[in-house]
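Hi,

Here is the structure I said I would pass on. Have a look at it first, and then read my notes below.

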Protein chains: 2
Amino acid sequence: MLMEGVDFRFPDADPQLVGRKALAVCLSDIAAMAGQPLAALVSIALPKFSGRRLAEGVHAGIEALAGEFSVAIAGGDTNSWDGPLVLSVTLLGQPTGSGPVRRSGAEAGDWIMVTGDFGGSISGKHLSFQPRVAEALVLHQVVRLHAMIDVSDGLAADLYHILDESRKGAVVRAADVPVSEAARLLGDKPPLERALGDGEDFELLFTVPEEDGRRLLANPPFATRLTHLGEITDERRCRLIAADGRSSSLERLGWVHEI
Amino acid sequence: MLMEGVDFRFPDADPQLVGRKALAVCLSDIAAMAGQPLAALVSIALPKFSGRRLAEGVHAGIEALAGEFSVAIAGGDTNSWDGPLVLSVTLLGQPTGSGPVRRSGAEAGDWIMVTGDFGGSISGKHLSFQPRVAEALVLHQVVRLHAMIDVSDGLAADLYHILDESRKGAVVRAADVPVSEAARLLGDKPPLERALGDGEDFELLFTVPEEDGRRLLANPPFATRLTHLGEITDERRCRLIAADGRSSSLERLGWVHEI
């Protein structure tokens with residue numbers, strides 16, 4: 001559910017991008033489980049003032065992305081009121097291959113890998129990101145995905161979701177975290193801090209057996225960047241290893257406190 | 001999608017009944033196709049002020065009704081904002097028997113039948129109605145349901161939905177329209193006008209072959225009242241026959257204009 005004034009503001013936001021994002025976050029959720037998206041149900045509360053123009057923009061944004069992912073817009077509910085725009089999308093999908101990939105299957109020794117890069121999505125990516133549906137489906141075919149999640153809360157926070165549900169720990173190498181250009185350009189915080197702590201990257205974070213990870217890096221099955229940034233451990237803590245070898249604790253919110 | 005200030009007002013409305021209604025209207029939609037409801041996804045925007053109390057009330061209302069109909073609450077999205085309460089429920093169901101019953105299958109000679117009674121739902125029924133899921137499933141087993149709809153827009157308006165999609169007409173006998181006690185008690189309009197024009201009765205309106213209709217009345221398969229109020233015709237108009245035999249045109253909005 002996206003709400004005007006919370007998730008976006010008019011006139012800054014383009015209604016098409018608002019519609020696009022409402023569906024894209026759902027696509028990313030289904031990608032996180034290596035599901036095949038099928039059909040969307042769209043409910044909207046439109047402000048009476050300029051409702052028609054907003055409706056057309058939102059619809060165009062949803063429809064274009066739905067077309068890209070062969071998703072049918074199967075129904076929903078259109079309303080008008082004196083309040084701000086509220087948009088709720090429900091996306092149905094089906095499991096593929098050996099079934100839905102969960103957060104709970106990470107095993108000690110697994111490689112921790114990600115698609116794309118991280119941080120600074122507020123500069124634009126949070127509205128225009130490409131949901132990693134195709135990448136997830138391919139990964140589910142070519143490797144043993146032990147655990148997977150899409151990064152919406154932030155790289156560190158979502159890694160903790162995997163660790164908590166798998167009852168495991170992790171080691172992450174700072175030098176291997178793929179930091180986005182946007183995180184570097186924002187300039188107000190260390191880019192690594194943004195890469196670990198900013199949310200809405202909507203990239204895939206997953207764990208695979210080392211052998212499968214090596215195979216992925218040797219023969220990448222798609223053009224989207226793949227990075228190996230650490231390993232799962234039996235020790236129930238999450239350590240961040242700096243370039244100079246010093247170890248610190250990686251916190252849930254991504255803030256790095258040197259020991 | 002139910003919106004505070006449009007579909008209900010606080011403090012008049014009980015949050016539990018608001019939650020109940022959000023699910024009940026979906027259950028009624030699935031009943032209209034003789035579907036078996038399965039799982040609900042609930043998205044909510046909660047006002048920051050008293051959000052927790054509202055959330056608990058809404059949740060209790062949804063959960064109680066979901067339990068009654070063996071519906072799983074499978075997911076959703078919980079948000080908080082400075083705006084009014086917005087509640088969007090998506091309900092998944094599956095077809096039963098020979099498949100979903102549509103609006104488009106009415107045939108000339110079919111009996112037009114309804115469950116329950118009509119009019120004046122604003123007095124309370126619109127918040128506390130019982131979705132006719134069980135009745136629809138039984139009807140789909142014991143008779144040939146040619147067309148069915150749940151009455152949300154009003155008895156006349158929803159009959160027109162069947163007639164439009166089936167490309168048929170109808171004759172309705174005024175004396176046979178089951179008028180609710182609430183429609184009589186409101187007193188500001190003729191009760192028949194309310195029964196035909198008021199919305200949100202959430203009763204089933206369906207057409208069956210005459211033989212099946214007779215069988216239903218002879219051996220009602222459930223306690224909910226069943227009424228035969230007219231027939232489907234090939235003539236593409238909708239006539240209302242008064243008690244004295246005079247014929248008028250039944251309009252889409254339920255308003256009856258004497259010829």
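What follows is a short tour of what turned up, going from one chain to the pair and then to the second chain.

One thing before anything else: this is a predicted model, so please read all of it in that light.

**The sheet in chain A**

A good place to begin is the open sheet of 4 strands in chain A, which has mixed pairing and the strand order 1-4-2-3. At its edges sit strand 1 (2-3) and strand 3 (72-81) of chain A, and each of them pairs on one side only. Further in, strand 2 (residues 36-47) and strand 4 (residues 86-94) of chain A are antiparallel partners, with 9 bridges between them. If you want one pair to click on, try A:Ala45, whose bridge partner in strand 4 of chain A is A:Val86.

Two helices pack on this sheet. Helix 1 (residues 15-31) of chain A touches strand 1, strand 2 and strand 4 of chain A, and its direction makes about 35° with that of strand 4. Helix 2 (residues 51-68) of chain A touches strand 2, strand 3 and strand 4 of chain A, and its direction makes about 170° with that of strand 2.

**How the two helices meet**

At what angle do the axes of helix 1 and helix 2 of chain A cross? They cross at roughly 45° and come within 7 Å. An angle like that makes helix 1 of chain A oblique to helix 2 of chain A. The crossing of helix 1 of chain A past helix 2 of chain A is right-handed.

As for who touches whom, the helix 1 side of chain A includes A:Leu17, A:Val18, A:Ala22 and A:Leu23, while the helix 2 side of chain A includes A:Leu54, A:Val58, A:Ile62 and A:Leu65. Sorted by class, this contact of helix 1 with helix 2 of chain A has 13 nonpolar, 5 polar and 1 charged residues.

**Where chain A touches chain B**

Each chain puts 15 residues into the contact: 15 from chain A and 15 from chain B. Which elements of chain A give two or more residues to the side that touches chain B? They are strand 2, strand 3 and strand 4 of chain A. By class, that side of chain A has 8 nonpolar, 6 polar and 1 charged residues.

The two copies fit neatly into one description: a turn of 180° with a shift of 0.0 Å along the axis lays chain A on chain B with an RMSD of 0.0 Å. That is the relation of a two-fold axis. The same surface serves both copies, and 100% of the contact residues of chain A recur in chain B.

**Over to chain B**

Chain B also has an open sheet of 4 strands, with mixed pairing and the order 1-4-2-3. Here you can look at strand 1 of chain B, which pairs with strand 4 (residues 86-94) of chain B in the antiparallel sense over 2 bridges. In strand 4 of chain B, the bridge partner of B:Met3 is B:Val86.

Last, scroll along chain B to a hairpin. Strand 10 (residues 238-241) and strand 11 (residues 247-250) of chain B run antiparallel and are joined by 3 bridges. B:Arg239 stands opposite B:Ser249 in strand 11 of chain B. The hairpin of strand 10 and strand 11 of chain B has 5 residues between the strands, and B:Gly245 takes a positive phi near 90° there.

Have fun exploring!

Technical notes: Residues are numbered from 1 along each chain as its sequence is written. Chains are lettered from A and ligands numbered from 1 in the order in which they are written. This is a predicted model: local features need pLDDT of at least 70, side-chain atom pairs count only at pLDDT 80 or more; totals for chains, interfaces and linings use all residues. Two strands pair if DSSP finds at least two bridges between them. Two residues are in contact if their C-beta atoms, placed from the backbone, lie within 7 Å. Axes are lines fitted to C-alpha atoms, for helices over the stretch in contact, and angles run from 0 to 180 degrees between N-to-C directions. Ala, Val, Leu, Ile, Met, Phe, Trp, Tyr, Cys and Pro count as nonpolar, Asp, Glu, Lys and Arg as charged, and the others, Gly among them, as polar. Angles under 35 degrees count as roughly parallel, over 145 as roughly antiparallel, 65 to 115 as roughly perpendicular and the rest as oblique. A crossing is left-handed if the near helix is turned anticlockwise from the far one by less than a right angle, and right-handed if clockwise. Copies are superposed by least squares on the C-alpha atoms of residues with pLDDT of at least 70 in both.
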